[in-house]
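Student: Hi! Could you walk me through this structure?
Tutor: Happy to, let's have a look together.
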Amino acid sequence: MQNKYKGKVVIVTGSRQGIGKSIAWLYASQGAKVVLNARNAEKLEHTKQEFDEAGFEVIAVAGDVSSWNFCVDLCQKAKEHFGGIDIVITNAAIATRGDMENLSPEIYQKLINVNILGSVYPAKAAIPYLKQSKGSIQFISSIASYYGIPFNGIYCATKNAINSIAEATHNELKPHNIFVGVTYVGFTENEDSKQILDTDGKVIVLPQRNNVQKQNRNTVAQRIIAQIEQKKFKNTLTLSGKVLRVLTKFVPGLIRFIYKLNLKKIELSSK
Ligand SMILES: NC(=O)c1ccc[n+]([C@@H]2O[C@H](COP(=O)([O-])OP(=O)(O)OC[C@H]3O[C@@H](n4cnc5c(N)ncnc54)[C@H](OP(=O)(O)O)[C@@H]3O)[C@@H](O)[C@H]2O)c1
């Protein structure tokens, strides 16, 4: 068990904290060589030290996954240090809150850049290496992609785009023996330091959501790793996620009605 992933090289984008760090930790604790990534080099180095102290084999490559050149470099560094790439998990993403009228155009662009291009670019840059290793790409989506949640539209839209990209590449890359999967992550316990972009673009710390049942980050990481292991294309996490999936498919009018009833509450909680 301890060495289940010995010899495997795993890139986890956005892994200095949160779900990405939990995924990286689980792989590293089972013998994988892990490439950590985030934009904040200082905080990323701090995370790397924790892995080093545990005796894990990791490198840290700081940079922004919405840059194509950076993603090429990220994959080259994985190859140089560890000899190849077996698994890429495109976990890095940002969130925001606010309605269309007030959310700034720059925030729309930023979410498209980070959440869509920042998932496509590392996956695309890794394809030549994954062809050799017959490896895997795991996209990280959200149950928020099942329905356009008021005051959260652009986040939902970017995760919806990830679902389509995952579907397309799953079939495109199958003949090359590359597995592509997508996880629809549900409400998860946030890091206390989790940041989002406020309506005006200011970076703020997201208050803990106490009105919803949240999954533990370690459990989320376990589910994602098991999904890749089982080569299961799509997985929806949490009971509320599964209920939302069924309702949006069979009774979308009911979901519209529920959001209409709760609009004011959602607006207040997004402030
Ligand atoms: N938490 C939830 O309840 C939840 C629910 C559904 C889906 N998800 C999805 O799960 C994933 C992880 O969420 P989380 O809550 O664990 O996030 P988080 O705590 O906010 O951490 C995000 C990580 O991504 C990094 N990052 C952000 N932008 C980046 C960029 N442009 N380039 C490289 N790294 C970047 C951050 O570090 P830097 O700031 O230093 O770059 C950080 O390490 C995301 O895809 C999210 O959409 C989360």
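Tutor: One term before we start: a polar contact is a pair of N or O atoms within 3.5 Å; within protein, one must be able to donate a hydrogen and the other to accept it, and residues adjacent in sequence count only if both atoms are side-chain atoms. This is a predicted model, where local features need pLDDT of at least 70 and side-chain atom pairs count only at pLDDT 80 or more, while totals for chains, interfaces and linings use all residues. Residues are numbered from 1 along each chain as its sequence is written, and side-chain values use heavy atoms, with hydrogens and water left out.
Student: Cool. Which backbone atom is 3.1 Å from a nitrogen atom of the ligand?
Tutor: A polar backbone atom of Val 65.
Student: And what lies 2.6 Å from an oxygen atom of the ligand?
Tutor: That is a polar side-chain atom of Arg 39. For Asn 91, a backbone N or O atom lies 2.7 Å from a ligand oxygen atom.
Student: New topic: where is Lys 134?
Tutor: Lys 134 sits in the loop between helix 4 and strand 5 (136-142); helices (H or I, at least four residues) and strands (E, at least two) are DSSP runs, numbered from the N terminus. Its phi is near 55°, a positive value in a residue other than glycine.
Student: What is usual for phi?
Tutor: Most residues other than glycine have a negative phi.
Student: What about the phi of Asn 177?
Tutor: Asn 177 is not a glycine either, and its phi is positive, about 60°. This residue is in the loop between helix 5 (153-173) and strand 6 (179-185).
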